[in-house]
Amino acid sequence: MDQINYELEGLVFDIQRFSVNDGPGIRTIVFLNGCPLRCQWCSNPESQLPKTVVMFNAAECIHCGRCIGTCPNGAIGKENPAMINHDKCTGCGECTMVCPVGALILKGKRMTVAEVIEELKKDSTNYRRSGGGLTVSGGEPLVQHEFTRELLKAAHAQGWNTAIETTACASEEVIRDVLPHVDLALTDVKSTDSSKHEHFTGVPNTQILKGVKLVSEITKIMVRVPVIPGFNEKPEEIRQIAEFAKTLNRDHLMGVNLLPYHALGENKYKMLGREYQMHGVSTLTGEEIDALKAAVEETGVTCRIG
Ligand code: SF4
Ligand code: SF4
């Protein structure tokens with residue numbers, strides 16, 4: 001068996017236990033920092049930069065002023081702590097330590113593979129009983145591909161199921177390095193139209209679609225489609241994605257999973273001092289979602305909602 005580097009460090013911004021939506025059985029999701037995309041609807045904007053970030057919760061702030069002047073890098077505005085300059089912030093965490101009400105929150109912590117595995121062991125009985133295990137998410141976990149690979153190997157060494165949530169926006173070399181350690185890849189396909197994809201996510205889809213194909217050659221794959229009003233919510237667009245899914249390795253394709261848009265991440269943009277570009281966009285109706293499911297199923301591909 002491959003050696004596992006348990007001392008390798010990665011940047012983890014969250015660990016969520018008892019998930020039942022991100023792979024089989026009961027799972028723990030480990031969220032890693034860093035993503036090459038900038039999807040306008042991203043519900044984890046705190047994950048996008050490959051570094052620790054500070055979020056400011058204005059509703060908690062009592063304006064005591066303790067954080068002002070604390071920052072060694074001049075990243076906090078003199079008048080308003082919400083004005084954190086994320087270019088200057090190094091994530092040292094000093095401001096979060098002086099805040100008496102927890103209004104400044106550090107997202108992103110360096111952890112070794114061994115430390116993450118110790119955390120996951122709290123749920124190992126649940127994994128065994130339910131066939132669950134570890135799901136690595138982000139951000140884009142292939143940004144920290146060496147850490148992701150070692151974490152997946154370590155989970156397999158424990159006998160746990162492994163899954164990854166990925167955009168497949170990575171080189172062939174990286175995909176071939178990591179995906180053999182994955183039992184199920186939950187892989188986004190957002191649009192087959194490259195220029196539209198670039199407008200809404202910041203990157204064209206050419207490399208991504210190649211990456212998705214390669215993933216399907218290596219392991220089981222569920223094609224996930226975030227359905228976003230104004231971007232890809234038309235039945236014809238979704239049908240084209242299902243047609244693309246049909247070109248993947250049929251022995252590995254588990255189906256298409258439509259994820260209707262929600263605005264759950266909107267408050268995080270405020271906490272990061274960023275504009276939420278999807279503000280005011282409404283969610284899809286039940287009838288619209290049914291029509292999209294029918295569009296997928298007409299192609300002969302299994303479809304799941306949510
Ligand atoms: S985490 Fe450190 S660098 Fe960032 S704003 Fe707070 S004190 Fe400044
Ligand atoms: S230390 Fe906390 S409560 Fe005080 S001004 Fe800064 S963010 Fe607000």
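Here are some short exercises on this structure, each with a worked solution.

This is a predicted model, in which local features need pLDDT of at least 70, side-chain atom pairs count only at pLDDT 80 or more, and totals for chains, interfaces and linings use all residues. Residues are numbered from 1 along each chain as its sequence is written, and side-chain values use heavy atoms, with hydrogens and water left out.

**Exercise 1. Find the order of the strands in the open sheet, and its edge strands.**

Solution. Start with the terms: helices (H or I, at least four residues) and strands (E, at least two) are DSSP runs, numbered from the N terminus. Two strands pair if DSSP finds at least two bridges between them.
Step 1: the nine strands of the open sheet follow the order S5-S1-S2-S6-S7-S8-S9-S10-S11, with mixed pairing.
Step 2: strand S5 (109-112) and strand S11 (303-305) are the edges, as each pairs on one side only.

**Exercise 2. Is strand S6 buried or exposed, and which strands pair with S6?**

Solution. Buried means under 20% relative accessible area, exposed over 50%, and partly exposed in between (1.4 Å probe, protein chains only).
Step 1: five of the five residues of S6 are buried, so S6 is largely enclosed by the rest of the structure.
Step 2: S2 pairs with S6 in the parallel sense over five bridges, and Phe 31 has Ser 137 in S6 as its bridge partner.
Step 3: S6 and S7 also pair in the parallel sense, over four bridges; here Val 136 stands opposite Ile 164 in S7.

**Exercise 3. Describe the surroundings of Val 223.**

Solution. A nonpolar core is a set of buried Ala, Val, Leu, Ile, Met, Phe, Trp, Tyr and Cys residues joined through side-chain atoms within 4.5 Å. Contact means heavy atoms within 4.5 Å.
Step 1: the largest nonpolar core has 67 residues, and Val 223 is one of those that touch the most other members, along with Leu 151, Leu 179 and Leu 258.
Step 2: leaving aside neighbours within four places in sequence, the contacts of Val 223 include Thr 187, Ile 241, Leu 253 and Asn 257.
Step 3: strand S9 (residues 220-227) pairs with strand S10 (residues 253-260) in the parallel sense over seven bridges. Arg 224 has Asn 257 in S10 as its bridge partner.

**Exercise 4. Which residues lie nearest the centre of the largest pocket, and which line the largest cavity closest to its centre?**

Solution. On a 1 Å grid over the protein atoms alone, a cavity is a set of points where a 1.4 Å probe fits but cannot get out; a pocket is an open set with protein on both sides within 12 Å along at least five of seven lines, and lining residues have an atom within 4 Å of a point. Grid points are joined across faces, edges and corners, and a volume is the space filled by probe spheres set on the points.
Step 1: the largest pocket has a volume of about 1,100 Å³.
Step 2: of its 40 lining residues, Ser 43, Asn 44, Glu 165, Arg 224 and Leu 259 lie nearest the centre.
Step 3: S1 gives the largest share of this pocket's lining, five residues.
Step 4: there are two cavities of 30 Å³ or more, and the largest cavity has a volume of about 100 Å³. Closest to the centre of that cavity are Cys 61, Cys 64, Cys 67, Cys 99 and Pro 100, out of 14 lining residues.

Conventions
Chains are lettered from A and ligands numbered from 1 in the order in which they are written.
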